[in-house]
Amino acid sequence: MLGPGLALHAPPTPVRADDLSDAVAEQQRLAKLIAQQQAQLAKLQAQQATMTKQIAATRHNLAEVRTSIDEDEAQIADIKGQMVVVRAHYESVAAQQALLEARLAQLTNEQNAMQRELEVRQQILAARLAAAYETDQTPLLQQILTAHSLTEALSDVSYYGALSQADKALADEIKRDQEALAQIRKIVEMASVANTELKDQVDAERQGLDDAQAQLAAAEQQLADLKAMLETQLAEQQAAEAKLAANQAAMAAAIRSNGQAMDDLGARIDQIVAQQGGGAKIPSEFSGTLTWPMGGRITQEYGCTGVGAEPRVGSCRHFHQGIDIAAPCLTPVHAAAPGVVVFVGYNPYDAAPQAWLVIVAHSTSMVTWYAHMTGRAPPGIYVGAQVAAGQLVGTENTTGHSTGCHLHWAVRVNGVFMNPRMFV
């Protein structure tokens, strides 16, 4: 046993037997928190990726006028709603990462405090060992000094029993503190690595969110510019229609052109399709659906209308036999379904100026018309050519009796023009 003079030293603080178990529990809790944060970040990344794709698709549609203005407005409104949700989710993830960072700082402080406390205990025990040397406990001191570490020395039973009860308690506390400190260091290292990764990922998501916000703002500006362009274009068309209405002779010619010329050409096309139908090129039945040939704004629906240039049909004084879609001039026009081109060119039955159109037969009973286009066929569009759904058939223009750039899209079934909306 050590000399009685050692009892004059201050007694060690009580041993905290639960430090190690608390550290293990903290490691488990922190690992669970990090896993939850990673899951939330993965969810945020998936949400943002989806939203970014939608924004890109919307901007593409706006650039090529592939959808209606109303659909674009609805899609942008939907994306803005998603942006609110994603940004709120991001704020939550960022707050969780900040919480982890704060916990890391706290753990680091705890580690430093534990390190200092351990050093104090080691100094106390070293002082006791120095006192042992002074009281002729040289063999014990030599054993300890020749050991690789204080912990190794204290684990040696040969001299551990030579310590006083107070020294034993202090040695036990040092061993426990070292184990707890080692566990805390593991936790700090794990939290530090996780925090660095999460911080980098959160920063990247913030940049991605800012980029998406900028892209959405650009899409909104695209839509606003397109709407402004169409408003100007429609105003010019309305002015031209008003001027046409004032010119009775021109109005009568327009009515004859819009009515009789379409009927005459329609009858001719019906004969051509009937002669060529039933073979491999033009099937007898069409069982699919149609897609809109061009995006933009609907300026005139199918049916009774107040536009004076349209002919009388049935009980309607003026009847529009298709749907008019307005977009910037030269907007691409696409085939509404697969089929065979049965007519390309100016309507020979039109009074000058003549409208350029393409007519596609989808079956012996159904054809679609694309009128007022630019008077030049794109590559691959000629009579007898087979076209795929979505294939370019022309560009929007204002040929024929037209007051401005628009596409007149018509569907003729069994010799009768029908509402295209029935087939989309």
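What is the handedness of the link of Cys-329 and Cys-405? With 105° about the S-S bond, the link is right-handed.

Before selecting anything, note that this is a predicted model, in which local features need pLDDT (the predictor's confidence in each residue, from 0 to 100) of at least 70, side-chain atom pairs count only at pLDDT 80 or more, and totals for chains, interfaces and linings use all residues. Residues are numbered from 1 along each chain as its sequence is written, and side-chain values use heavy atoms, with hydrogens and water left out. The protein chain has a mean pLDDT of 81, and 80% of its residues reach 70 or more.

Select Cys-329 and Cys-405 next: their sulfur atoms lie 1.9 Å apart and form a disulfide, a term that here requires a pair of cysteine sulfur atoms within 2.5 Å. Cys-329 sits in the loop between strands E4 (323-326) and E5 (332-334), while Cys-405 is in the loop between E10 (392-395) and E11, 76 residues apart; strands are DSSP runs of at least two residues, numbered from the N terminus. Cys-405 is buried at 5% relative accessibility, whereas Cys-329 is partly exposed at 44% (buried is under 20% relative accessible area, exposed over 50%, partly exposed in between, with a 1.4 Å probe and protein chains only).

Move then to strand E8 (residues 366-371), where six of the six residues are buried, so the strand is largely enclosed by the rest of the structure. Met-366, Thr-368 and Tyr-370 point one way, and Val-367, Trp-369 and Ala-371 the other.

Finally, add the antiparallel neighbours of E8: E7 (residues 356-361), joined by five bridges, and E11 (residues 407-413), joined by six. Ala-361 has Val-367 as its bridge partner, and Tyr-370 has Trp-409.

How values were computed
Helix = DSSP H or I, 4+ residues; strand = E, 2+ residues; numbered from the N terminus. Pairing = 2+ DSSP bridges.
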